Every structure is written in C-alpha cells, then in structure tokens.
Amino acid sequence: MAASACARSPEFALLIFELSQPGRAAAAQLPDAGASASSIPPEHLRSEPPDLPQVSELDVVRHYTRLSQRNYAIDTQFYPLGSCTMKYNPRACNAAALLEPFLALHPQALDETGQGFLACMYELQEMLAAITGMAGVSLAPMAGAQGELAGVAMIRAYHDARGDAARREILVPDAAHGTNPATATMCGYTVREIRTGPDGDVDIGALAQAVGPHTAGLMLTNPSTLGVFERGIEEIERIVHAAGGLLYYDGANLNAILGRIRPGDMGFDVLHLNLHKTFSTPHGGGGPGAGPVAAAEHLVSFLPLPTVGRAGEAYRLLGADDCPRSIGPLSAHMGQAGVLLRAYVYARMLGSEGARRVADFATLNANYLMTELRNAGFELAYPQRRASHEFIVTLKRLKERTGVSAMDVAKRLLDKGFYAPTTYFPLLVPECLLIEPTETESMQTLDRFVAAMQDILHEAETDPQCLKSAPHTTPVRRLDEVKAARELDLAWRR
C-alpha cells in the first residue's frame, strides 16, 4: 500500500478560544455595555470582564462554518447505523412543523386556542393505532426509552389492578436492546434472560420453561436486533399469554414491517414507537425524540397522560379526571410538539401504500447489501436467514487471522467517507457489525459502501496496522474511549 493511503489531514482549531488574539473584537456588533449595565446593582456587576475569546466576526463565522462542514450527517453521506434507522427526513415535514401558528402556540394554552394542533395530534394517535393494530395511543413519552418505561409501567398497573401481585418477573431475550432490562428493573421487576437459538430465533423451549405465575411479561422486538424476523412469534404469543403474562413490543425496528404486518396482529399487548427513527425526525445527537406508546383494548385505560380526546368537532386534552386508571404524566406537557408534527405530516405523505413501500425497500436494500458483502468475502452471522431491515457481519475469523477488529474496520470506514455501522451489538455475536441501509439509499450508494468495505478487507490482509491506527483523515484521530469516558475533560482552561 502506498504511504499516502494513511496520510493525516491538516489540523484545524476545534475550540474558538484557539483563535483568540488580544484586542481583537467585533465591536460594531455589540450593544453599549455601559448603558445596559447602568440599571444593574453594583454588587451584581463583574469586577473584571469575562474570559471570552477575542475574535472578529469573520473569525466566528469561518470557525463555526468549518465545524458544521466537519459534522457527519445524513444530508451529506450514508449512515448505516444498525437498529437506529438513520434515514433521510423529507424537508416538507420540517417546514410544516415550523409554521408560525404551531410555533406560536404555548403548551399551556387553552384547548380552544389550539384546535388545529390538537386535531393533528388526535389524527396522529388514530393513524399510529391503525399502523400498529392497537386500540389506543398516547403521544406523551418524550423518547423511546421513556416509551418503554410507560409500556412496562402499564403492564405492572394492569397486573396490580387485578390483584396479581406475584407477577414480578420480566423476560428479555439475550439479543434485546440494552434499554429493555434497564426499563424492567426501573419498574421494579426482576429480569430473566431468554437465550437465542443458533438460527437467530428465540429458544421456544427455554421460553416455555421460564414462564409461570411469576411472569409479568416478555419484552421483544420483531424483527429482532439480529436482523431476522421471529418465525415462532405465534407460539411465543401463545406461551406467554397462556401463562398469564403480557407481550411488550419494542418498536425500534418498526421500519422493517411498516404497512406489512402489525404488532397487534402478532398478539402484542403494548408497544412504543420511535417517531424519531421511523417517522421523519433526524435521529441522533441526543434528541429531540418522541416515543408514543400504544395499547390493546385491555390496557388503554392505563395509557399515560395527557391524550387527545374528541367530542363532536372539538378536541381537548384528557387528564386524570377522564382517565383515573392512567399511569399518569411522564413530563410537563404532551410530548415533543415539533417531532409529533413531523410524524403527522410524514404519515399523511406516505399513506398506506407509501408505508408498505418503506418496509419493501428497507428490506430490499438490506438483502442486497448483505448479499454483496457476502460476495465480497465478509462472513454473515446468520447466513441461512434472509435479512429484515438490517443484518450482522461477524469479523471473528478476520481478527483471529489478522488481528484487525470490528472497531478497526469501523474506524477505517471514516477515512473512506462513511459513517460506521453499529459495532459490538448485539453482544452475543463476536466482532460484529450491525448494518442497516434503510429504504432511502440508492443502489449506487450501497455499491460505493461495498467497494469501501472491499478495500478495507484487502487492507486488513496486507497492511493491518493502517486499520489499527485509523482514522487518519478526521479532525480527531483514534481515541482511548475508556479513558475518555472515565476522565471527561469538558472545560476549556487557558
């Protein structure tokens, strides 16, 4: 390999303080500090100016423009982050959410002043109920994890209302999202792990042995995080319900089945959806999110508050007086208004036919990419199974042969201009990459990703050290991630 293949890019200032020069300022853009400070009591005034960077307006504009250009975003490149559905979000949805009548509406405004917004939210509830096959929906949860918390809290409230206090165990497959056992524990349950069989499906025998009068429910996502559809879902539903437990559906992977099959038809009793994954809000970066929870008829009365009700042509928020068995509010208001509005517009734009196309092309892209990577020499974790919307590549043998790990491959992908797939999850597959192309990527983009992966596979065999020290072209190079997590350094000091 040529030495230039691992060349480093020029450094640039990551902190604006690094550009500071004594006496430099954009004085014409600043207000008259003397006039504004005259009304402040002397004891509250600074004795010396704050330690701010001394930069010109042009310095500021160029610095933050450069930083924005170095951000990685779905607007600029492929983002194959497995189990997260990082797809393109139509600008029309964002434009509608930014309409002035919506922006100007205060969250505590009287119902009669926000009939348009409440009408949209009521219709969104109805659309999500139809999409999932459930009887009712609450838009209150602020994110997927809070939606999980609401769903499991509803399971507990249901059993407690029936006087069934012995049910204090939640079953969770070993391939589940990490939030599942955490959520169950937060709701006061003991967690029992159910193993996955060698074919990627839940071990039905192990499940049958685990259930009993102590079983409150099973948390499951289908398709699973292994990228396959649970073929035994009907038997799973029968076993859990026969034991008196309930089924909770983790909606993180709903994109794979949208418009094709509904969790309610699989027998699930309660679920959450990630609108910031499936319904057109940019996902990642810490928010905002929305995790509505949907329930079957026997759990509707426990939905969190508020929900939107309709009487004739009028809409209003329903509270504790209307829903006395509710698990209650989860935040100060109804949820993330902007995210919910984007989801409403997106669902309207898709319609039922469009929703089916989402699942069709998400599945088509995943199976195409999986086949091409297998042909390129990568090993699949479940080669006998067809992908749903995502699939797993295992680099266990590559690491044994070359010393190159899944993390090394992920870091090297950054040099090739691609965001890395999810690494080391699910935990039961060694040296794994969980790859989800989503429905919005073209075949040409997928082919470029395959070509980059082929290059990296060749480098692993011929120049493994290049991968082990990657990335080489990013503003920040390889980090000691354990040290960074344990020794956070977030404050600038001169």
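How much area is buried between domain 2 and domain 3, and what share of it do carbon and sulfur atoms give? The section on the domain boundary has the reply.

## Before you start

This is a predicted model, in which local features need pLDDT of at least 70 and side-chain atom pairs count only at pLDDT 80 or more, while totals for chains, interfaces and linings use all residues. Residues are numbered from 1 along each chain as its sequence is written, and side-chain values use heavy atoms, with hydrogens and water left out.

## Three domains

Let us begin with the overall division. The chain splits into domain 1 (12–28 + 48–64), domain 2 (92–350) and domain 3 (355–468); these bounds come from an automatic or database domain assignment. Taken over C-alpha atoms, the centres of domain 2 and domain 3 are 30 Å apart.

## Where domain 2 meets domain 3

About 1900 Å² is buried between domain 2 and domain 3, and carbon and sulfur atoms give 54% of that area. Buried area here is the accessible area (1.4 Å probe) that two parts lose on being put together, summed over both. On the domain 2 side, L226, N255 and R260 lose the most area to domain 3, together 27% of what that side buries. In terms of contact (heavy atoms within 4.5 Å), 27 residues of domain 2 touch 22 residues of domain 3.

The two domains are also linked by 2 salt bridges, a salt bridge being a side-chain nitrogen of Lys or Arg within 4 Å of a carboxyl oxygen of Asp or Glu. R260 appears again here: its side chain meets that of D360 in a salt bridge (2.8 Å, N to O). On the side of domain 2 that touches domain 3, the residues divide into 12 nonpolar, 10 polar and 5 charged. In this grouping, Ala, Val, Leu, Ile, Met, Phe, Trp, Tyr, Cys and Pro count as nonpolar, Asp, Glu, Lys and Arg as charged, and the others, Gly among them, as polar.

## A salt bridge across the sequence

By the salt-bridge rule, the count comes to 29. One pair to look up is E123 and R348, whose side chains meet at 2.6 Å, N to O. This pair links distant parts of the chain, with E123 in helix α5 (residues 115–132) and R348 in helix α12 (residues 337–375), 225 residues apart. Helices (H or I, at least four residues) and strands (E, at least two) are DSSP runs, numbered from the N terminus.

## Strands and sheets

Strands of a sheet pair through backbone hydrogen bonds, either parallel or antiparallel. In this report, two strands pair if DSSP finds at least two bridges between them. Strand β8 (residues 307–311) and strand β9 (residues 314–318) pair in the antiparallel sense over 5 bridges, and R310 stands opposite Y315 in β9. The two strands form a hairpin with 2 residues between them, where G312 in the turn has a positive phi of about 70°.

Elsewhere, an open sheet of 4 strands follows the order β10-β11-β13-β12, with antiparallel pairing. Its edge strands, β10 (379–380) and β12 (422–423), each pair on one side only. Strand β11 (residues 391–394) and strand β13 (residues 432–435) run antiparallel and are joined by 4 bridges, with V393 opposite L433 in β13.

## Unusual backbone spots

Most residues other than glycine have a negative phi, and most peptide bonds are trans. A cis peptide bond joins N222 and P223, with omega about 5°; P223 is in the loop between β4 (215–220) and α9 (233–242). Another cis peptide bond joins L305 and P306, with omega about -5°, and P306 lies in the loop between β7 (293–295) and β8.

T85 has a positive phi of about 50° although it is not a glycine. You can find T85 in the loop between α2 (57–70) and α3 (91–97).
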